[in-house]
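Here is a friendly walk through one model, with an eye on its charged pairs, its interior and its surface. Please have a look at the structure below before reading on.

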Amino acid sequence: MSDTLTILALTLVTCVGVGLIGAWLLHVVRRRSLRHQLTIATLVPVVAVAAAVVVNVQFMFLSSHDSVVILIALVTSLVLALVGAYLVMRRIVDASQQVGVGLQQLVTDSSSPIASASGHTKLGSGSDLPQELAQVLTDLAETRRTLAESRIRERAAEQSRRELVSFMSHDLRTPLAGLRALSEGLEDGVIADVPRALSHLRSTVGRMTGLVDDLFALSRVQGEPRTKQQQLVSLTELITDVASEATATAAARQVALDLEVPASDRLAVLGAPDDLTRALANLVANAIRHTEPGMRVHLTGRRGEDGRVQVAVVDACGGIPEDSLSRVFDTGWRGTPSRTGDDGGAGLGLAIARGVVQSHDGRIAVRNVDGGCRFEVDLPSPAAAEPTR
């Protein structure tokens, strides 16, 4: 065997032996700090080369002078490798600790909604960290933000549900107590005007049926994705019909109802006519209910510059406090005591209107105007021919 082959064999055996020892050490410290594992992984190749040089010196394949020079270079390389490994390890360990802090914050937020709402603890900057770990920190921060927003929506929905249950309990308890008193009076024969009592029973049952219908409509528009078949609908005709039906109610409350729709544009939209009628009727009824006697409610329909169909209902309610505008369409919201009365409904009409509009890929909003409020509905208009109803 030539000297070259002998050197290659000794070098290979030595490096493989050192590599196996390094692999064993990595297996031993696999559950310890990443710092230990990176140190071993950095030292193994340098130690393997140094051991190969020493073995070859022992077999006299290298001169003593040459071996000293090589060993000095290896020691210098080892020092540089340790310094570089330390710098990399410090960054990785710091990033790992920040990832751990981020995960702990997620756990804390999950177990304590109050802590989640009180604010986020800002994690360290990822500018000095490896790209992969910096991305993990960014993803954790985005996850925390998304979860916090989700919890805020859940708490708002829960608060809305509690208010709805409270309002509905009151709205049902009062007529039920009246029905019970009337039924007991009829049964005992103490009510002289039986026809009037029966008429009162019928009207009370009608109001309760309306409440149940509103609850059913709300659950439908806020529940599963709509499966009702949609068709081309003329909003011009729907608005006109709603105004005609609300005229008597407006007159009874001494409120004037003004209607303005285009004569040559049927304002075609794609949707469910029954649902759209209910949403518009709720908006108009709400406006009439809160407008002072002698004032006016304006109902208009038009096509915007972008081709979308816009409907506006302007009342004379005196306006809504700015801090309450964001809650107008919440389920069960009734506003200030001055806007709530025996005829104030269950607070479902506007929530149903919002659900219907959103299910038609539209937008609904409210803002204060001079002397009242302006409710605006914006619906997409399909590129289609003349609609049919």
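In which helix do Arg145 and Glu142 both lie, and how many residues apart are they? They lie in helix H5 (residues 131-188), 3 residues apart, about one turn of the helix. Helices here are DSSP runs of H or I with at least four residues, strands are runs of E with at least two, and both are numbered from the N terminus.

A word on the ground rules: this is a predicted model, in which local features need pLDDT of at least 70 and side-chain atom pairs count only at pLDDT 80 or more, while totals for chains, interfaces and linings use all residues. Residues are numbered from 1 along each chain as its sequence is written, and side-chain values use heavy atoms, with hydrogens and water left out.

**Salt bridges**

Side chains of opposite charge can pair when their charged atoms come close. The structure holds 10 salt bridges, each being a side-chain nitrogen of Lys or Arg within 4 Å of a carboxyl oxygen of Asp or Glu. Three of them are listed here.

| Pair | Closest N to O |
|---|---|
| Arg145 and Glu142 | 2.3 Å |
| Arg303 and Asp265 | 2.7 Å |
| Arg363 and Asp378 | 3.1 Å |

In H5, Glu142 and Arg145 belong to a network of salt bridges that also takes in Glu149. Arg145 counts as partly exposed because its relative accessibility is 36%, and Glu142 counts as partly exposed at 38%. On this scale, buried means under 20% relative accessible area, exposed means over 50%, and partly exposed is in between (1.4 Å probe, protein chains only).

Arg303 and Asp265 form a salt bridge too. Arg303 lies in strand S4 (residues 296-303) and Asp265 in the loop between strand S2 (256-260) and strand S3 (268-271), so the pair ties together parts that are 38 residues apart in sequence. Arg303 is partly exposed at 30%, and Asp265 is partly exposed at 23%.

The side chains of Arg363 and Asp378 also meet in a salt bridge. This pair links distant parts of the chain, with Arg363 in strand S6 (residues 363-369) and Asp378 in strand S7, 15 residues apart. Asp378 is buried because its relative accessible area is 9%.

**A cavity and its lining**

The structure holds 1 cavity of 30 Å³ or more. A cavity is a set of points on a 1 Å grid over the protein atoms alone where a 1.4 Å probe fits but cannot get out, and its lining residues have an atom within 4 Å of a point. The largest cavity has a volume of about 50 Å³. Its lining includes Leu235, Leu276, Val311, Val356 and Leu379. H8, helix H9 (349-359) and strand S7 (372-379) each give two or more residues to that lining, and H8 gives the largest share, 3 residues.

Helix H8 (residues 273-290) has 18 residues and reaches 26 Å from its first C-alpha to its last, close to the 26 Å expected at 1.5 Å a residue. Among its buried residues are Leu276, Ala279 and Leu280, which also line the largest cavity. In H9, the buried residues include Val356 and Val357, and these two belong to the lining as well. H9 is followed by Asp361, whose phi is positive, near 60°.

Key. The expected span of a helix is 1.5 Å times one less than its number of residues. On a 1 Å grid over the protein atoms alone, a cavity is a set of points where a 1.4 Å probe fits but cannot get out, and a pocket is an open set with protein on both sides within 12 Å along at least five of seven lines; lining residues have an atom within 4 Å of a point. Grid points are joined across faces, edges and corners, and a volume is the space filled by probe spheres set on the points.
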